[in-house]
Amino acid sequence: VIEAFLDGPDTWLFMVDADMTFPADTVARMLATARRMAPEGPVAVSAVNYAYDYDTAELTPVLLHYLSSTNRYLGTHLYPDDGKPFRIDATGPACMLVHRKVLEDIRGLNETGPHYWFHDEAKDDWFTGNDIMFCDRLRRAGHQIWVDPTLTTGHLKMVEFDKVMYL
């Protein structure tokens, strides 16, 4: 999908997993956030996505900070829920608006793998999934991810996991 998008003339790509729910005006709100938070350059904007942790039976937001001293991403369950967008280093891009230039710069990293855009990877003594690897490339390509906390997703499994269940 990303390669087909890059072959066309469009500026923004809305990426969404098939098992996500989100408000009808999500794309317009993400675009407004992108223009407000990064008027000078390309960016990615995400909703707050939630995932169910089968080990702890908890529903948690998928938000991670990069710790350069260990070259690792650390999850956080805390985020400013004051309605103001905030920066994050990685998230599940299950509901994300990405500028063309971000994708072009990721492609410019010239990295290979079984799936160019999304693939799981083992690094040294740790393993990370394809969502985080995509965000890692986005970060290394010099771009930012902004999260709009007014946009939250639901995650359809046997039931819908959403912010109401988290609170």
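Reader: Why is Ala-90 called buried or exposed?

Author: In this predicted model, Ala-90 has a relative accessibility of 0%. Buried means under 20%, so Ala-90 counts as buried.

Reader: What is Ala-90 in contact with, leaving aside its neighbours within four places in sequence?

Author: Quite a list! Ala-90, found in strand 9, is in contact with Val-62, Leu-63, Leu-64, Tyr-73, Ile-132, Cys-135 and Ile-145. You can also look at Met-133, which is 43 residues apart from Ala-90 along the chain, with 8.7 Å separating their C-alpha atoms.

Reader: And what makes Ala-51 buried, exposed or partly exposed?

Author: Its relative accessible area is 25%. Buried would need under 20% and exposed over 50%, so Ala-51 is partly exposed. Ala-51 sits in strand 4, residues 50-53. Not counting residues up to four places away in sequence, Ala-51 touches Glu-58, Leu-59, Thr-60, Val-62 and His-155. The C-alpha atom of Ala-51 is also 9.9 Å from that of Leu-156, although these two residues are 105 apart along the chain.

Reader: Why does Asn-71 count as it does, buried, exposed or partly exposed?

Author: Here the relative accessibility is 29%. That value falls in between the cut-offs of 20% and 50%, so Asn-71 counts as partly exposed. You will find Asn-71 in the loop between strand 6 and strand 7. Asn-71 has a positive phi of about 55 degrees, although it is not a glycine.

Reader: How do you know that the span of helix 2 agrees with its number of residues?

Author: Helix 2 has 12 residues, 26-37. The expected span is 1.5 Å times one less than the number of residues, so helix 2 should span 16 Å, and its end C-alpha atoms are indeed 16 Å apart.

Reader: Which residues of helix 2 are buried, and where around the axis are they?

Author: The buried residues of helix 2 are Thr-26, Met-30, Thr-33 and Ala-34. They cover an arc of only 100 degrees around the axis, which puts them on the same side of helix 2. In an α-helix there are 3.6 residues a turn, so residues three or four places apart point the same way. On the other side of helix 2, Ala-28 and Arg-35 are exposed. What covers the buried residues includes strand 1, strand 3, strand 10 and strand 13.

Reader: What makes the buried residues of helix 3 line one face of the helix?

Author: Those residues are Arg-100, Val-102, Leu-103 and Ile-106. Seen down the axis of helix 3, they fall within an arc of 160 degrees, so they line one face. They pack against helix 1, strand 1, strand 10 and helix 4.

Reader: How are helix 3 and helix 4 placed, roughly parallel or roughly perpendicular, and how do you know?

Author: Their axes come within 9 Å and cross at roughly 95 degrees. Angles of 65 to 115 degrees count as roughly perpendicular, so helix 3 and helix 4 are roughly perpendicular to each other. In this contact, Val-102, Leu-103 and Ile-106 of helix 3 meet Phe-134, Arg-137 and Leu-138 of helix 4. These residues divide into five nonpolar, no polar and one charged.

Reader: How many helices and strands are there in the protein chain?

Author: There are five helices and 15 strands. Of the 167 residues of the chain, 42% count as buried. Among contacts between residues at least 6 apart in sequence, 69% join residues at least 24 apart.

Conventions. Residues numbered from 1 in each chain as written. Predicted model: local features only at pLDDT ≥ 70, side-chain atom pairs only at ≥ 80, totals over all residues. Heavy atoms only, no water. Helix = DSSP H or I, 4+ residues; strand = E, 2+ residues; numbered from the N terminus. Buried < 20%, exposed > 50% of the residue type's maximum accessible area, 1.4 Å probe, protein only. Contact = heavy atoms within 4.5 Å. Axes fitted to C-alpha atoms, helices over the stretch in contact; angles between N-to-C directions. Parallel < 35°, antiparallel > 145°, perpendicular 65-115°, else oblique. Nonpolar A, V, L, I, M, F, W, Y, C, P; charged D, E, K, R; others polar. Arc of directions from axis to C-beta.
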